[in-house]
Amino acid sequence: MQILWNEYDARCISCGRCNFVCPTCTCYTMQDMRYKEKLSNGERRRVWASCMIAGFTDVAGGGKERPKVSQRMRFKVLHKVYDYKKRTGQQMCIGCGRCDDVCPEYISFSTSVNKLQSAMEEILND
Ligand code: SF4
Ligand code: SF4
């Protein structure tokens with residue numbers, strides 16, 4: 001099944017735009033900032049994060065859970081159309097198409113979902 005996602009290693013540039021425009025993506029990270037006027041003062045900011053960007057799954061000790069783009073694409077698509085629904089009973093993706101419109105590499109989320117469906121039908125009909 002991983003072979004289905006391999007094309008994205010060559011196509012996707014991991015910019016994260018598809019996540020940043022998605023109305024159902026809510027992942028964030030933290031940034032600590034020091035004020036240059038007084039370095040002992042600062043603030044902790046909550047900023048957007050993206051599961052498509054390299055480093056999103058880095059963990060303590062140097063581990064990388066999804067180092068390849070194809071792995072990140074697989075995670076994103078399955079999270080939107082499978083995992084979330086399995087957990088909550090609700091469909092996550094609302095089909096707005098913003099991710100398709102904004103991708104600089106013309107990668108279509110809906111096409112990737114259709115490919116996933118075809119692959120699953122192939123497996124189930126074998
Ligand atoms: S089509 Fe789905 S995955 Fe794409 S931006 Fe809209 S809700 Fe998000
Ligand atoms: S917007 Fe396109 S190129 Fe950027 S991370 Fe998403 S799929 Fe990859």
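Helix α3, which spans residues 69-88, gives the most to the lining of the largest pocket in this predicted model, contributing four residues. The pocket itself holds about 170 Å³ of space, and of the 13 residues that line it, those closest to its centre are Cys-25, Thr-26, Cys-27, His-79 and Met-92. Sorted by class, the lining consists of six nonpolar, five polar and two charged residues.

Cys-27, one of the residues closest to the centre of that pocket, also leads to another part of the chain, since Cys-27 is among the residues that Ala-49 touches. Ala-49 lies in the loop that runs between strand β2 and strand β3, the latter formed by residues 58-59. Besides Cys-27, and not counting residues up to four places away in sequence, Ala-49 touches Phe-20, Tyr-28, Thr-29 and Phe-56. Is Ala-49 buried or exposed? Ala-49 has a relative accessible area of 13%, and because buried means a value under 20%, Ala-49 counts as buried. A further distance helps to place this residue: Ala-49 and Ala-10 are 39 residues apart in sequence, and their C-alpha atoms are 22 Å apart in space.

Two of the contacts of Ala-49, Tyr-28 and Thr-29, have numbers that fall within strand β1, which covers residues 28-35. This strand pairs in the antiparallel sense with strand β2, residues 38-48, over eight bridges. The two strands form a hairpin with two residues between them, and Tyr-35 of the pair stands opposite Lys-38 in β2. As a general point for reading such a hairpin, the side chains of a regular strand alternate between the two faces of the sheet.

A second buried position can be followed in helix α5, residues 109-125, where Ser-112 lies. Its relative accessibility is 1%, so Ser-112 counts as buried. Leaving aside neighbours within four places in sequence, Ser-112 is in contact with Tyr-8, Met-73 and Val-77. Of these, Met-73 and Val-77 carry numbers that fall within helix α3, residues 69-88, which brings the reader back to the helix with which this account began.

The last site to consider is the shell around ligand 2. The residues around this ligand are Cys-12, Ile-13, Ser-14, Cys-15, Gly-16, Arg-17, Cys-18 and Met-52, together with Cys-103, Pro-104, Glu-105 and Ile-107. By class, this shell divides into eight nonpolar, two polar and two charged residues.

Technical notes
Residues numbered from 1 in each chain as written. Chains lettered and ligands numbered in written order. Predicted model: local features only at pLDDT ≥ 70, side-chain atom pairs only at ≥ 80, totals over all residues. Heavy atoms only, no water. Pairing = 2+ DSSP bridges. Near = heavy atom within 4 Å. Nonpolar A, V, L, I, M, F, W, Y, C, P; charged D, E, K, R; others polar. Buried < 20%, exposed > 50% of the residue type's maximum accessible area, 1.4 Å probe, protein only. Contact = heavy atoms within 4.5 Å. 1 Å grid on protein atoms, 1.4 Å probe; cavity = no way out; pocket = protein on both sides within 12 Å on 5 of 7 lines; lining within 4 Å. Points joined across faces, edges and corners; volume = space filled by probe spheres on them.
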